[in-house]
Amino acid sequence: MNSKDGIKRGPFGSSLKKSFFVKKSDYVVYEQQNAIYDQFSTRYFINEVKYNELEAFSLKPNDFILSGSGTIGCISLVPDNIKKGVINQALIRIRINQNITNKFFFLQWMRSSYMQRRLTQANPGSAITNLVPISEIKNWKVTVPNNKIQKHIGKILTQLDTLLSLQQRKLELESLLYKHLKRNCFYNNYNFYYSKPKKLNIKMKDIITLEDNQRIPVSENNRKKGITPYYGANGIQDYVDGYTHVGQYILIAEDGASDIQNYPVIAVNGKVWINNHAHVLKVNKTVDFSYLLYFLKNFNYFPWLVGSGRFKLNAKTLLNIKISIDSNTENQRKIGVLLNECDSLTHATSTRIKLIKDIKQFLLQNLFI
């Protein structure tokens, strides 16, 4: 760290009370949220006199801010384009010697699980976690690689952060597109098909048959470990030997769902084992499978659920639910293909995000020991 003022806690609360804040100024106050969320927008201002009084607590580009209370241990690198300002009492400023330490390496090093463990400590006999005293941190003896190696490590991990940020933004946009398409495709607002959509008002029993009889009640004793997916109300719960159903089905939760806004609807294909917490729907050939799947994913089941907290959807009730779908099978097919492709896209992006996170976690655990 910088030998003169490498690490400095924010001023006492009495030195920076809200009564000192002004409506608008060229000087700002940086808070805990700036370190936690890694962004530098501000909401409080001080006048020039107060800034000059607290200039020892000011921030410069390439400084670091560390959250020191509440959500502790979050660290952020101060960018080049910040406004002049000071840190409040919940922040700790760190200023490194860049001739010895690469700033990107330092940022990743401080975020590693190894350093996070060192920075935080639990009070004896309590679950409350606090930041290690600043006086103790200043006296730590640490071993770091030379600047050239630091630069390479910092560059690799920073590139992973950038890639992760881009993929997360991509997933946000894909999810918005998916929601938009679902909403419009099932309310006849689309205009990209050959024929004008017409409503077909039917009951569920007119287009599906229930194959619930083959389900097996939940029990650890009636199944062995294997390769067959074992499904319950919320998806795969295990992999077992044997199967209860073969083919293409739609599963709808029978009970156990507490979040009715995301009532579980799942497609399965091939050999599967299904327990008695999910209804098993076999779709008639008169309706496109993918179209009905996404229609049911977008359907409001609340009026047909009974109970509270642990809701239940009875088989007889399910079969008699009235629905209104597109009567044109070609429209159904196109909608099904479109939503399936969009769903696959978001799934692929989610998989990439998990892979990037796993790679970074592995590097952080093994590079900084």
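Two strands are said to pair if DSSP finds at least two bridges between them. The exercises below use this idea on a predicted model.

**Exercise 1. The four-stranded sheet**

Determine how many bridges join strand 4 to strand 5, and work out which strands stand at the edges of their sheet.

*Solution.* Begin with the pair itself: strand 4 and strand 5 run antiparallel and are joined by three bridges, and one of the matched positions is Leu 66, whose bridge partner in strand 5 is Ile 75. Next, place this pair in the whole sheet, which is open, has four strands in the order 1-7-4-5, and is paired in the antiparallel sense. Strand 1 (7-9) and strand 5 (75-77) each have a single partner strand, so one side of each lacks a neighbour in the sheet, and these two are the edges. On average, neighbouring strands of this sheet are turned by 20° against each other, direction ignored. Finally, look at what lies across the sheet: helix 3 covers strand 4, strand 5 and strand 7 (91-94), and runs at about 170° to strand 5.

**Exercise 2. Two helices that cross**

Decide whether helix 3 is roughly parallel or roughly perpendicular to helix 6, and list the residues that meet.

*Solution.* Start from the geometry, in which helix 3 (residues 103-111) and helix 6 (residues 147-185) pack at an angle of about 70°, with their axes 7 Å apart. Because angles of 65 to 115 degrees count as roughly perpendicular, helix 3 is roughly perpendicular to helix 6. The crossing of these two helices is left-handed. On the side of helix 3, the residues in the contact are Phe 104, Phe 105, Gln 108 and Arg 111, and they meet Gln 150, Ile 153, Gly 154, Leu 157, Thr 158 and Asp 161 in helix 6. Sorted by character, the residues of this contact comprise four nonpolar, four polar and two charged.

**Exercise 3. The six-stranded sheet**

Find the strand order of the sheet that contains strand 14 and strand 16, and name its edge strands.

*Solution.* The sheet is open, with six strands in the order 11-16-14-15-12-13 and mixed pairing. Its edge strands, each of which pairs on one side only, are strand 11 (208-210) and strand 13 (235-240). Neighbouring strands here are turned by 40° against each other on average, direction ignored. Within the sheet, strand 14 (residues 245-253) and strand 16 (residues 278-283) pair in the antiparallel sense over four bridges, and Ile 252 stands opposite His 279 in strand 16. To complete the picture, helix 7 (residues 289-297) lies across strand 11, strand 14, strand 15 (265-274) and strand 16, running at about 20° to strand 14.

**Exercise 4. Buried or partly exposed?**

Classify Asp 38, Asn 62 and Gln 332 as buried or partly exposed.

*Solution.* The cut-off needed is that buried means under 20% relative accessible area, whereas exposed means over 50%, with partly exposed in between.

- Asp 38 is in the loop between helix 1 (32-36) and strand 3 (44-46), its phi is near 55°, a positive value in a residue other than glycine, and because its relative accessibility is 42%, it counts as partly exposed.
- Asn 62 is in the loop between helix 2 (48-53) and strand 4 (64-67), its phi is near 80°, again positive in a residue other than glycine, and with a relative accessible area of 18% it is buried.
- Gln 332 lies in helix 9 (residues 329-367), and with a relative accessible area of 2% it is buried. Leaving aside neighbours within four places in sequence, Gln 332 is in contact with residues including Thr 286, Tyr 291 and Ile 325.

Technical notes
Residues are numbered from 1 along each chain as its sequence is written. This is a predicted model: local features need pLDDT of at least 70, side-chain atom pairs count only at pLDDT 80 or more; totals for chains, interfaces and linings use all residues. Side-chain values use heavy atoms; hydrogens and water are left out. Buried means under 20% relative accessible area, exposed over 50%, partly exposed in between (1.4 Å probe, protein chains only). Axes are lines fitted to C-alpha atoms, for helices over the stretch in contact, and angles run from 0 to 180 degrees between N-to-C directions. Angles under 35 degrees count as roughly parallel, over 145 as roughly antiparallel, 65 to 115 as roughly perpendicular and the rest as oblique. A crossing is left-handed if the near helix is turned anticlockwise from the far one by less than a right angle, and right-handed if clockwise. Contact means heavy atoms within 4.5 Å. Ala, Val, Leu, Ile, Met, Phe, Trp, Tyr, Cys and Pro count as nonpolar, Asp, Glu, Lys and Arg as charged, and the others, Gly among them, as polar.
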